Amino acid sequence: EVVRTVESGSQEMFSYTVDLFNVETDIFPYAGEHFNVVLACEVIEHLLWDPVQMLMECYRVLVSDGALVLTTPNIASHTSVQRVLTGETNPQVYSHYPAGRIEMPHVREYTASELAELLTCCGFRVEYLFTEAVDGGGGSEWISKMLADLGFPTEFRGEQIYCVARKCAGAKLTRRPKFL
């Protein structure tokens, strides 16, 4: 545990405790059905070994019908498609190696449909799933037109995926989805 304090100027606003654990290998240090909501924002793309471990632990600590809010970059975005077609750079939204050894780079970026399948395999019902364009993304007009002209899907092409999924108590869990 680490205690952090948020301050504004010289006035303390509040302090909070951060529980430190590895979401890929550790059992979360919380009882089952402990939380109404779990946030997993900009985490899943950094996992090296086992995203299912994290999602199954989220499932365990959520109350029945509890919400998982998850955000992650979209590998099928307009920007990623443009990068593949022009051959200028890697299609991942963030493909750089880390500057230091304390951060984990993006290991795997997901498509919206992969994320939905993964969440379903881990006992969740996807309630909302959408993508949004991020400043700096490029080529959306010509890429979107080209995809439509060629008969490819044009939805879910923003650089960022946003998802709210609900725990389905008693759902059949799949430990290793085929696409992984």
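**F28 and its ring partners**

I looked up F28 first in this predicted model, and with a relative accessible area of 7% F28 counts as buried, because buried means under 20%. F21 came next, and its relative accessible area of 27% makes F21 partly exposed. The rings of F21 and F28 form an aromatic pair, with 4.9 Å from centre to centre and 50 degrees between the planes, and I noted this pair as tilted. I then followed the ring pairs further and found that they link F21, F28, Y30 and F35 into a cluster. A search of the whole structure gave me six aromatic pairs.

**Y59 and F124**

How far apart are the ring centres of Y59 and F124? I found 5.8 Å between the centres and 90 degrees between the planes, so I entered the pair as edge-to-face. Y59 belongs to helix 1 and F124 to strand 5, so this pair ties together parts of the chain that are 65 residues apart in sequence. Both Y59 and F124 are buried. I also checked for charges over rings, and found K167 over the face of Y59, at 4.7 Å from the ring centre. In another place R108 lies over the face of Y110, at 4.8 Å from the ring centre.

**The sheet**

I traced an open sheet of four strands, which has the order 3-4-6-5 and mixed pairing. Which strands stand at the edges? They are strand 3, residues 35–41, and strand 5, residues 124–132, and each of them pairs on one side only. From one strand to the next I read an average twist of 10 degrees. Strand 5 and strand 6, which covers residues 160–167, run antiparallel and are joined by eight bridges. Looking along strand 5 and strand 6, I noted that Y128 stands opposite V164 in strand 6.

**Helices on the sheet**

Helix 1, residues 51–61, packs on the sheet and touches strand 3, strand 4 (62–73), strand 5 and strand 6, while its direction makes about 145 degrees with that of strand 4. Helix 3, residues 112–121, also packs on the sheet, where it touches strand 4, strand 5 and strand 6, and its direction makes about 160 degrees with that of strand 5.

I then asked how many residues of helix 1 are buried. The count is 10 of the 11, so helix 1 is largely enclosed by the rest of the structure. Among the buried residues I listed P51, M54, L55, C58 and Y59. The parts that cover the buried residues of helix 1 include helix 3 as well as strand 3, strand 4, strand 5 and strand 6.

**Helix 2 and helix 4**

The axes of helix 2 and helix 4, the latter being residues 140–149, come within 9 Å and cross at roughly 80 degrees. Angles of 65 to 115 degrees count as roughly perpendicular, so this is how I described helix 2 relative to helix 4. At their meeting I found H78, V81, Q82 and L85 from helix 2, and S140, W142, I143, S144 and M146 from helix 4.

**S77**

Where does S77 sit? I placed S77 in the loop between strand 4 and helix 2, which covers 78–86. Is S77 buried or exposed? Its relative accessible area is 0%, so S77 is buried. Leaving aside the neighbours within four places in sequence, I found S77 in contact with R157, G158 and E159.

Conventions. Residues are numbered from 1 along each chain as its sequence is written. This is a predicted model: local features need pLDDT of at least 70, side-chain atom pairs count only at pLDDT 80 or more; totals for chains, interfaces and linings use all residues. Side-chain values use heavy atoms; hydrogens and water are left out. Two strands pair if DSSP finds at least two bridges between them. Helices (H or I, at least four residues) and strands (E, at least two) are DSSP runs, numbered from the N terminus. Axes are lines fitted to C-alpha atoms, for helices over the stretch in contact, and angles run from 0 to 180 degrees between N-to-C directions. Contact means heavy atoms within 4.5 Å. Buried means under 20% relative accessible area, exposed over 50%, partly exposed in between (1.4 Å probe, protein chains only). Rings of Phe, Tyr and Trp (its six-membered ring) pair if their centres lie within 6.5 Å; planes under 30 degrees apart count as stacked, over 60 as edge-to-face and the rest as tilted. A charge sits over a ring if NZ of Lys or CZ of Arg is within 6 Å of the ring centre and within 35 degrees of the ring normal. Angles under 35 degrees count as roughly parallel, over 145 as roughly antiparallel, 65 to 115 as roughly perpendicular and the rest as oblique.
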